[in-house]
Structures are given as C-alpha cells and as structure tokens.
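Trainee: I would like to learn how to read salt bridges in a model. Please take me through them step by step.

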Amino acid sequence: MSGTPRQPQTRLDRPRSRRVHEAVLDATADLLAEGGLAAATTDAVSARSGASKTTLYKHWPNRLTLAVEAFAAHMTDTVAPPDTGSTEGDLRAHMRMVAEFYATAQGRIYAELLAAAVTDPVAADLLRTRFLDHRREVVLATWRRGLDRGDVDPTLDFQAVNDVLFGPIIFRLVSGHAPLSPDEADLIADVALRGVLAGRGSRPHDRRRPTSRSD
C-alpha cells in the first residue's frame, strides 16, 4: 500500500457492531495478556472473538493497531493521579506507580507495542492518543496543582518536565539496562526534582544511593 496510512475505523454506531467491537477488543486484550503481541494474531483474535478476519480488517488496518487500541482500552485507568498534599509527594508517588506498572506483564506488553510502533505511524499515533496522552493529562493536573501551591518552578516548560521525570523510566523499560522498582523511581526522582521544585536548587533528597566503592 502507498500514500498516507489510513486510520482504523473504530466508531461503530449500531448495537450489534458495538458488541462485536467490544468482543474483538476483549479477545485481543486477553491474547496480549496470555502471550504478548506474538499471540494476538488476526487468526487468533478472529477465533477468540467470533468476528471474521474481514471484519477485523474493515476496522483496523493491521493487527498492531488493533493490539494498541485493545491495550489502551483496558489500561486507561491503571495509574490514578495521586494527591499527597505537595507536588514533590505527588510526583514521587506517581513515578513509583509508573515504575511498578512498567515492571508488570502489562508493562512488558507496552514495551512490545512501543517497539513495534516505531515503523508503523498509524499505530504510533494511536499509542500516543489512546494511551500516552491520558498519562500526560494526569501529570499535567499534578503540575497545575503545583503551580497553584507555588512549589514548582513556573518558568519551566511542562512537556520538558514530563519527559525528564518519566523518560528515564520508559528508557529502562525498553532497554533493560537497569531495574524498574519504586526504590529506583525514587533515585530517579532525587535527580530530576532538583531542577523542578521551587526552592530546591541543587540540594539532594535525603534518600540517596550510597556511593559504591571497591573493597
């Protein structure tokens, strides 16, 4: 196929069409949970959902876009926005929750989808709009509370802050070069929050990793 990739047609108005749509997404999500992206083939989704392959290709250009939508539909509310009373507490809590999520089987599925979407612009756009944009809005709500409190630096660009805070966690997810855990998220927060919170300057948080040394 040439030209601009078509977007998946996911708006189904008739009740039966909606039921089929939901059955397909449920079947795909189950297959992803059972065996990752490799298990969510069109043949397997068709057999599990009862929808024909013709129906699948009518609404999704390929199995990756279907997998992305199914994943996003079932993960929208996984990470709820924390409200601890301070922006530092909120961001730390959120970073720990995100690290915990990415360390699960669902996090590994996300890593598979993220890697596969690199060469599929339609799937990449879906991953942003159906999954990542929601996560961004959660963090933005925290940032706005911080601006109201006056405990974040108002001169900073939010998108850059979001990337600095959560980019290292996603990098660990896709590269596997270091562990993903709440404690590791705290260590990342120690570094990142020094330049984000008002009045923090270069003062480190008390919870620092001890300097390693050779015996």
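**Salt bridges and burial**

Mentor: Start with one pair: Arg172 and Glu184 are both buried, where buried means under 20% relative accessible area, exposed over 50% and partly exposed in between (1.4 Å probe, protein chains only). This is a predicted model, in which local features need pLDDT of at least 70 and side-chain atom pairs count only at pLDDT 80 or more, while totals for chains, interfaces and linings use all residues. Residues are numbered from 1 along each chain as its sequence is written, and side-chain values use heavy atoms, leaving out hydrogens and water.

Trainee: What joins the side chains of Arg172 and Glu184?

Mentor: In general, side chains of opposite charge can pair when their charged atoms come close. The criterion for a salt bridge is a side-chain nitrogen of Lys or Arg within 4 Å of a carboxyl oxygen of Asp or Glu. Arg172 and Glu184 form such a bridge, at 2.7 Å from N to O. This pair links distant parts of the chain, 12 residues apart: Arg172 lies in helix α8 (residues 158–175) and Glu184 in helix α9. Helices (H or I, at least four residues) are DSSP runs, numbered from the N terminus.

Trainee: Which residues do salt bridges with shared partners join into one network?

Mentor: Glu88, Arg92, Arg96, Asp183, Asp186 and Asp190. Within it, Arg92 and Asp186 meet at 3.7 Å, N to O. Both Arg92 and Asp186 are buried.

Trainee: How exposed is Arg136?

Mentor: Arg136 is partly exposed, at 28% relative accessible area. Its salt-bridge partner is Glu137, with the closest N and O atoms 3.5 Å apart. Glu137 is also partly exposed, at 43%.

Trainee: How many salt bridges does the structure hold?

Mentor: The count is 15.

Notes:
Helices (H or I, at least four residues) and strands (E, at least two) are DSSP runs, numbered from the N terminus.
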